[in-house]
Amino acid sequence: MLAWAVATPFETVALADSVGRTLAEEIHAIRDQPPYPASAMDGWAAAAADIPGRLRIAGESAAGSPYAAALARGEAVRIFTGAALPPGADTVVVQEVARRDGELVDLPPTPRGQFVRPAGCDFRGGERLLSRGMKLDAWRLSLAAAGGRGALSVAKRPLVSFLSTGEEIIDPGSEPGPYQIFDAATVALVALAGGWGAAARRLKPVGDDIAATVKSVREADGDLIVTIGGASVGDHDLVKPALTQLGLELSVEGVNVRPGRPTWFGRLADGRRVLGLPGNPASALVCAELFLGPLLLAMQGADPALRLVAAGAAAAFPANGPREHWMRAKIAIGADGTLSAEAFADQDSSLVSVFASADALVRRRAGAPALEAGGPVEALLLERA
């Protein structure tokens, strides 16, 4: 799948509009931060050579309004947090230990450099602050702003259209017939794709109809089309046969994964990529975490690797079969910071309620032997609010 991923172009957006986007350039600082030696506390700026001593108060320095002159020997300046130290000062004495007497101030012994933030102590001019491929969160935006940037070059959001198929599928909020179910998977997939940086839209569901499927996909906008349902080889699984009319070429015909074996991937004659996910909601969501998320990250120039964490098994696991099994699980954090993973007893691929309660997927490799409680497992943490 990743070999066939097509990178999206770049665009420049305002800093405030770049949260959640993937950086498409290296960010370097335009100057030192802070650009001058600054006080870390409210107090008195002076030369360490004059401390302890009774010093003459020469003025004050506030953030944005520094004391302009250089300090003479025997002088001190009232200074506030974030303000620039005047030339000649190298130490700040906090106000709580100083005693003012009119135009004089008594400063007790204080180590040289105390409560002084040296120029460039955060970063230096020209230093690389952020690397291409990073996802921009609030903290990274703060660093870009501190480095002097007001706009950033980011990967354009991949446009993804989601199409749910099946005679039984209807829109949430509709009046259901006795044998119809609400389209729960697609709603979740659109939300997940948005969190992975995509511009996602949900198409109107179609029944098990080749002509309707062809028409919907032909008219759909997007760099990537994601179909849900109709992915297997039953008489009603018509998505791949339908898309052969649009020149479908497959690179992945199935995956050795449970749940989600029918998952497939290919491209149409017009170059659009297509990811086919199973119709069962849990299967679709597991495979979205494993394949759709990495695919969207790769399209934006980000690292698509799954970030697995080590955990201990809260209970014993039986030997696994021939397919890699990704089990929905709960994660607990011990007093020592170690993680413990407890898989839900019922892993049926149709159960939305189990997925909504899970905060991780535990990976059991194909053919893995039985594992006792406390044994090591790998887990993919799910994003939870």
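Me: What share of the contacts between residues at least 6 apart in sequence join residues at least 24 apart?
Reply: In this predicted model, 70% of the contacts between residues at least 6 apart in sequence join residues at least 24 apart. A contact here requires heavy atoms within 4.5 Å.

Me: Why is the protein called more spread out than a compact globule?
Reply: With six helices and 26 strands in the protein, the radius of gyration is 30 Å, whereas the globule rule gives 21 Å for 385 residues; the value is well over the rule, and the protein is therefore described as more spread out than a compact globule. Along the principal axes, the C-alpha trace spans about 95 × 50 × 40 Å.

Me: Why is tyrosine 67 called buried, and phenylalanine 115 partly exposed?
Reply: Buried means under 20% relative accessible area, exposed means over 50%, and partly exposed covers what lies in between. Tyrosine 67 has 19% relative accessibility and so counts as buried, while phenylalanine 115, at 31%, counts as partly exposed. Tyrosine 67 is found in the loop between strand 5 (53-61) and strand 6 (75-79), and, leaving aside neighbours within four places in sequence, tyrosine 67 is in contact with residues including Ala58, Val77 and Pro86. Buried residues make up 45% of the 385 residues in the protein.

Me: What makes the backbone at phenylalanine 115 worth a remark?
Reply: Phenylalanine 115 has a positive phi of about 55° although it is not a glycine, and this residue is found in the loop between strand 9 (104-107) and strand 10 (116-117).

Me: Which peptide bonds leading into proline 34 and proline 259 are cis?
Reply: The bond from glutamine 33 to proline 34 is cis, with omega near -5°, and the bond from arginine 258 to proline 259 is cis, also with omega near -5°. Proline 34 is found in the loop between strand 2 (27-28) and strand 3 (38-39), and proline 259 lies in the loop between strand 19 (257-258) and strand 20 (264-267).

Me: How do you know that glutamate 25 and arginine 149 meet in a salt bridge?
Reply: The criterion is a side-chain nitrogen of Lys or Arg within 4 Å of a carboxyl oxygen of Asp or Glu, and for glutamate 25 and arginine 149 the N to O distance is 2.7 Å, so the pair meets the criterion. Glutamate 25 lies in the loop between strand 1 (10-14) and strand 2, and arginine 149 in the loop between helix 1 (138-146) and strand 12 (151-155), so the pair ties together parts that are 124 residues apart in sequence. Arginine 149 counts as partly exposed, at 23% relative accessibility.

Me: What makes arginine 124 and aspartate 32 a link between parts of the chain?
Reply: Their side chains meet in a salt bridge at 3.0 Å, N to O. Because arginine 124 lies in the loop between strand 10 and strand 11 (128-130) and aspartate 32 in the loop between strand 2 and strand 3, the pair ties together parts that are 92 residues apart in sequence. Arginine 124, at 44% relative accessibility, counts as partly exposed, and aspartate 32, at 22%, counts as partly exposed.

Me: Why is arginine 112 called exposed?
Reply: The cut-off for exposed is over 50%, and arginine 112 has 66% relative accessibility, so the residue counts as exposed. The side chains of aspartate 90 and arginine 112 meet in a salt bridge at 2.9 Å, N to O.

Methods: Residues are numbered from 1 along each chain as its sequence is written. This is a predicted model: local features need pLDDT of at least 70, side-chain atom pairs count only at pLDDT 80 or more; totals for chains, interfaces and linings use all residues. Side-chain values use heavy atoms; hydrogens and water are left out. Helices (H or I, at least four residues) and strands (E, at least two) are DSSP runs, numbered from the N terminus. The radius of gyration is taken over C-alpha atoms; the globule rule is 2.2 Å times the number of residues to the power 0.38. Buried means under 20% relative accessible area, exposed over 50%, partly exposed in between (1.4 Å probe, protein chains only).
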